[in-house]
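Let's take a walk through this one together. Have a look at the fold, and then we'll go through its rings, its pocket and a few single residues.

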Amino acid sequence: MKKAWKWASFSLLLLALTACQRKAAPSPVPTPSASPTPNPTAEPTLLPTESPETDRTLPALFAENERWMVYLDDWVTTETDSSVMDLSVYEKDGTLYQKLRSLSHYTGPHPWRYLDYERVEPPVLLTDLNFDGIDDIRVDYETIRCGAFAAFLWNEEEQRFIEEPTFSQIKRPYPMDDIIWGCCSTGASNTNFSAYTYTQEAGYQPLRHLSVDFIYSAEGEYQIIYTEYYYENGELTKTVETDEDLTKSNFWWDYVEYTNQNIWG
C-alpha cells in the first residue's frame with residue numbers, strides 16, 4: 001500500500017515538474033520581416049488662384065476651354081522697350097502641362113487693363129487660329145492702336161503649343177471663313193484691312209490688303225482712294241487703285257461690317 005502511495009506521489013511530482021518546464025520553455029524568436037517601403041504620395045499640382053479684381057496679384061486665370069486653363073504668371077516691360085509674358089497651361093485635372101514665354105517688341109499696357117475698360121478682351125484667348133478645329137493660344141500685348149499679338153499654335157505631332165512668329169504681322173487678328181483678317185487705322189485719313197492665309201510650312205502669308213485713304217485738296221475738298229493689293233504665295237502680284245468703294249465688294253464686305261460694329265464702334 002505504501003509503495004503504491006509513494007508511486008502515485010512520485011508520478012504527480014513528475015507531472016508537475018514537466019508542466020513547469022513546458023511553461024518555462026522560451027518561445028521561438030520570430031524572424032523579423034522587412035518593413036515595406038511606403039509608397040511616396042504624389043503631391044497634387046495646385047492651380048493658381050484667380051486674382052479678384054480688388055487684389056490683382058499674379059498669377060491669374062485668363063482663358064479656359066473644355067481642356068485647358070491658361071494662367072498669366074508674369075508680365076515684364078524690359079529696358080529694351082519690349083514686353084515679356086510668361087504663361088502656364090494647365091489641364092482641367094490640375095496638371096501643369098506646359099510653360100510658355102512670349103516676347104514682343106512693343107510696349108503695351110499692363111494686361112489687367114481688360115478688367116478696367118469695357119469692350120476690351122482679355123490679353124490671352126483660346127481660339128482656333130489655323131482652322132484645324134483645335135483651340136490655339138492668342139496673346140495680346142496691346143490693342144489701343146493697331147495692336148501687337150502673338151500666337152501659340154497647337155502642334156498635333158509634338159503635342160504642345162509652339163509660337164508662330166509670322167502671326168505678329170497681323171493687326172487685330174480675327175479668324176473667319178478660313179482667313180485671318182486684320183485691320184489698322186493710322187489716323188482719320190487712313191484705314192487698312194488685311195487678309196491672311198495659313199499653311200504649316202509657310203505660316204501666315206498675306207492674301208489681300210485694302211488701303212482706304214482720304215486725300216484732301218488745297219481747297220479743303222477730299223477724295224477717297226481705295227488701293228487693293230493682291231498676293232500669291234506671299235508675293236505681291238497686282239495693285240488696283242480706284243475711287244470705287246471696295247469695302248462693299250464681296251470679298252471685304254462681311255469683315256468690314258464686323259469692324260464697323262465691333263472695332264470702330
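Strands here are DSSP runs of E, at least two residues long, and they are numbered from the N terminus. With that in hand, we can start at a pocket; bear in mind throughout that this is a predicted model.

The second largest pocket has a volume of about 230 Å³. Which strands each supply at least two residues of its lining? They are β7 (148-155) and β8. Of these, β7 gives the largest share of the lining, three residues. Among the lining residues you'll find Leu-153, Trp-154 and Asn-155, along with Ile-162, Glu-163 and Glu-164. Asn-130, Asp-132, Tyr-198 and Gln-200 are also among them. Sorted by class, the lining comes out as four nonpolar, three polar and five charged residues.

Stay with strand β7 for a moment, since Phe-152 belongs to it too. Phe-152 is buried, with a relative accessible area of 4%. The C-alpha atoms of Phe-152 and Asp-136 are 6.0 Å apart, although 16 residues separate the two in sequence. Move on into the loop between β7 and β8, and you reach Gln-159. Its phi is near 60°, which is a positive value in a residue other than glycine. Is Gln-159 buried or partly exposed? Gln-159 counts as partly exposed, because its relative accessibility is 33%.

Something similar turns up in the loop between β8 and β9 (174-176), where Arg-172 sits. The phi of Arg-172 is near 50°, again a positive value in a residue other than glycine. Arg-172 counts as buried, though, at 15% relative accessibility.

Now for the rings. The structure holds 19 aromatic pairs. One of these joins Trp-68 and Phe-161 in an edge-to-face arrangement, with 5.4 Å from centre to centre and 70° between the planes. Trp-68 lies in strand β2 (residues 68-77) and Phe-161 in strand β8 (residues 160-163), so this pair ties together parts that are 93 residues apart in sequence. Trp-68 and Phe-161 are both buried.

What about Trp-181 and Tyr-255: how are their rings arranged? The ring centres are 5.2 Å apart and the planes meet at 20°, so this pair is stacked. Here the link runs between strand β10 (residues 179-187), which holds Trp-181, and helix α3 (residues 253-262), which holds Tyr-255, so it ties together parts that are 74 residues apart in sequence. Both rings belong to buried residues: Trp-181 has 3% relative accessibility, and Tyr-255 has 0%.

Zoom out a little from that stacked pair and you'll see a cluster. Tyr-174, Trp-181, Phe-193, Phe-251, Trp-252, Tyr-255 and Tyr-258 form one aromatic cluster. A charge joins the picture at one of these rings: the charged end of Arg-208 sits over Phe-251, 4.0 Å from the ring centre. Elsewhere, the charged end of Arg-67 sits over the ring of Tyr-97, 5.6 Å from its centre.

Next, the cysteines. How many disulfides does a search of the whole structure find? Zero. Take Cys-183 as a case: why is it not bonded to Cys-184? A disulfide needs two cysteine sulfur atoms within 2.5 Å. The closest cysteine sulfur to that of Cys-183 is the one in Cys-184, and it is 7.5 Å away, which is too far for a bond. Cys-183 also counts as buried, at 1% relative accessibility.

Two threonines round off the tour. Thr-186 lies in strand β10, and with a relative accessible area of 60% it is exposed. Thr-186 and Cys-146 are 40 residues apart in sequence, while their C-alpha atoms are 7.9 Å apart in space. Thr-197, in turn, is found in strand β11 (residues 190-199). With a relative accessible area of 28%, Thr-197 is partly exposed. The C-alpha atoms of Thr-197 and Ile-179 are separated by 5.4 Å, and the two residues are 18 apart along the chain.

Note on methods:
Residues are numbered from 1 along each chain as its sequence is written. This is a predicted model: local features need pLDDT of at least 70, side-chain atom pairs count only at pLDDT 80 or more; totals for chains, interfaces and linings use all residues. Side-chain values use heavy atoms; hydrogens and water are left out. Buried means under 20% relative accessible area, exposed over 50%, partly exposed in between (1.4 Å probe, protein chains only). Rings of Phe, Tyr and Trp (its six-membered ring) pair if their centres lie within 6.5 Å; planes under 30 degrees apart count as stacked, over 60 as edge-to-face and the rest as tilted. Helices (H or I, at least four residues) and strands (E, at least two) are DSSP runs, numbered from the N terminus. A charge sits over a ring if NZ of Lys or CZ of Arg is within 6 Å of the ring centre and within 35 degrees of the ring normal. On a 1 Å grid over the protein atoms alone, a cavity is a set of points where a 1.4 Å probe fits but cannot get out, and a pocket is an open set with protein on both sides within 12 Å along at least five of seven lines; lining residues have an atom within 4 Å of a point. Grid points are joined across faces, edges and corners, and a volume is the space filled by probe spheres set on the points. Ala, Val, Leu, Ile, Met, Phe, Trp, Tyr, Cys and Pro count as nonpolar, Asp, Glu, Lys and Arg as charged, and the others, Gly among them, as polar.
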